[in-house]
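Visitor: I should like to take a close look at a single part of this protein and then see how other parts of the chain are arranged. Please guide me through it step by step.

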Amino acid sequence: MQSGNKDFLNFVLTLFKAMQRDNLGYVYRGRFTQEITDNILALTENKLEKEEHSSKIKKRVYSILVECLQNITRHQDDAKNDLPDSNGLFVIQKQEDKYFITTGNMVMNDNIDYIKNLIETINSLEKDELKNYYKMVLEDGSLSSKGGAGLGLIDMARKSGNKLLYQFRPVKEDSSFFYLHTIPSLEDLEGGFENKEESLNNIINIHNTLNTENILLVSNGPFNQESLMVLLGSLEGQMTGTISHKKKVFYIVVEMLQNIVKHGFAPESKIVGVPGIFILGEHKGFYTITTGNFVDKGKSDELKEKLEKVNSLTQDELDHYFNKCLFDFEIDTSKKAGLGIIDLRIKSGNPLSFSFSEVSDECCFFSLQTVITTE
């Protein structure tokens, strides 16, 4: 059975390709509480510890990250409304040896000239001039009502060693969405920033899609047991609702991520982990949890049959089918993999949506979505 949510499931592959192309590792769109900010910092710190050998890069990226997140937190209440753009945005990506940090938040149009002039001034200054300008602003006490937004931008430019790239996208007559693109630079890694405008434009396009689909979080693999645990830790502060509801969502997230790690297909053996994508969406009255990963083309028909069978059963029939599979000790390993799918259907209480897209002679891209009604 092909999913009734076919358009979105096809979009998962498009998003996966876009994130792969731009090396987007983690995208968060939503309210920035202290807990969520701490989780994002912990997630990024862990990623840096695993992927970076240079303590200089780790320190510089992390310090800019802190400043960027504080900047969103300070200003996310500037435009209070129910528009999708009222949510903040955080994106981190790595291209070759360079990190790109993008943040976004709503601003009132009355503040745009001030922000533009400030950034243009900052970008016009050399390193020593910027240092002096920072001291002057600090001593002058000419801070914004938000407690140092100007200093924050100056500090980001000082720590990154690069020009700040920005864009304003009109949202309403009185407000716009402010994107800030920061690229930490190292003295021994010169050049390579010629595509930063294109990089920011790609992120803006993806952000527009996230708004349309009401997606809160996107994590792009590779996935393994270790990265899975870190991602799960970052989700804890983002669940709302009753404790039992949070547990249900968390359980289903674990099951779907484990599905990628255990059964996903890695076309390139040099990759540590399984390539895939995880998407969490929140809508009025329900959450959507979506994963996408490659699967062996030779196993796709069997997986499709399992999903169709699971979707065709009533709740009682599902319970019976689950117990039959669980206690059938003659069952082979591949069939036991279907236990997770049955459990997803039971725990969510809703049919599973799925699609398969052929991408090569050896594999398909498999998208799976679970819908959980909010309690």
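Guide: Let us begin with helix α13, which is mostly covered, with 10 of its 11 residues buried. The model is a predicted one. The buried residues of α13 are Gly338, Leu339, Gly340, Ile341, Ile342, Asp343, Leu344, Arg345, Ile346 and Ser348. After α13 comes Gly349, and its phi is positive, near 75 degrees.

What does α13 pack against? Helix α10, residues 300-312, packs with α13, residues 338-348, at an angle of about 30 degrees, and the two axes are 10 Å apart. Since angles under 35 degrees count as roughly parallel, α10 and α13 are therefore roughly parallel to each other. Their crossing is right-handed. On the α10 side, Leu303, Lys306, Leu307, Val310 and Asn311 take part, and they meet Gly338, Ile341, Ile342 and Arg345 of α13. Sorted by class, this contact of α10 with α13 holds 5 nonpolar, 2 polar and 2 charged residues. Gly338, Ile341, Ile342 and Arg345 thus appear in two places in this account: they are among the buried residues of α13, and they belong to the contact with α10.

It helps to set this part within the whole chain. The protein chain contains 13 helices and 10 strands. Of its 375 residues, 51% are buried. Among contacts with a separation of 6 or more, 73% join residues that are 24 or more positions apart.

A second helix pair is formed by α1, residues 6-21, and α7, residues 196-213, which pack at about 155 degrees with their axes 11 Å apart. Angles over 145 degrees count as roughly antiparallel, and α1 and α7 are therefore roughly antiparallel to each other. The crossing of α1 and α7 is left-handed. From α1, the residues in contact are Phe8, Phe11, Leu15, Ala18 and Arg21, while α7 supplies Asn202, Ile206, Thr209 and Glu213. By class, the contact of α1 with α7 consists of 5 nonpolar, 2 polar and 2 charged residues.

Two residues allow a closer view of α7 and its end. Ser199 lies within helix α7. Is Ser199 buried or exposed? Its relative accessibility is 3%, and Ser199 therefore counts as buried. Leaving aside residues up to four places away in sequence, Ser199 touches Gln93, Phe100 and His181. Asn214 lies in the loop between α7 and β6, the strand of residues 215-220. With a relative accessible area of 25%, Asn214 is partly exposed. The backbone of Asn214 also deserves attention: its phi is positive, about 55 degrees, although Asn214 is not a glycine. Most residues other than glycine have a negative phi.

The third pair involves helix α2, which covers residues 34-51. This helix has 18 residues and reaches 26 Å from its first C-alpha to its last, close to the 26 Å expected at 1.5 Å a residue. Buried in α2 are Ile36, Thr37, Asn39, Ile40, Leu41, Leu43, Thr44 and Leu48. The axes of α2 and helix α3, residues 55-75, come within 11 Å and cross at roughly 165 degrees. That angle makes α2 roughly antiparallel to α3. The crossing of α2 with α3 is right-handed. Thr37, Ile40, Leu41, Thr44, Glu45, Leu48 and Glu49 of α2 make the contact with Lys58, Val61, Tyr62, Leu65, Val66, Leu69 and Thr73 of α3. The residues of this contact divide into 8 nonpolar, 3 polar and 3 charged.

Glu45 can be followed individually, as it is placed in helix α2. At 39% relative accessibility, Glu45 counts as partly exposed. Glu45 and Lys58 are 13 residues apart in sequence, and their C-alpha atoms are 7.8 Å apart in space. Both Glu45 and Lys58 are among the residues of the contact between α2 and α3.

One loop residue completes the tour. Asp97 is found in the loop between β2, residues 88-95, and β3, residues 98-108. Asp97 has 45% relative accessibility and therefore counts as partly exposed. In sequence, Asp97 and Glu52 are 45 residues apart, whereas in space they are 9.5 Å apart, C-alpha to C-alpha.

Notes. Residues numbered from 1 in each chain as written. Predicted model: local features only at pLDDT ≥ 70, side-chain atom pairs only at ≥ 80, totals over all residues. Heavy atoms only, no water. Helix = DSSP H or I, 4+ residues; strand = E, 2+ residues; numbered from the N terminus. Expected span 1.5 Å × (residues − 1). Buried < 20%, exposed > 50% of the residue type's maximum accessible area, 1.4 Å probe, protein only. Axes fitted to C-alpha atoms, helices over the stretch in contact; angles between N-to-C directions. Parallel < 35°, antiparallel > 145°, perpendicular 65-115°, else oblique. Left-handed = near helix turned anticlockwise from the far one by under 90°. Contact = heavy atoms within 4.5 Å. Nonpolar A, V, L, I, M, F, W, Y, C, P; charged D, E, K, R; others polar.
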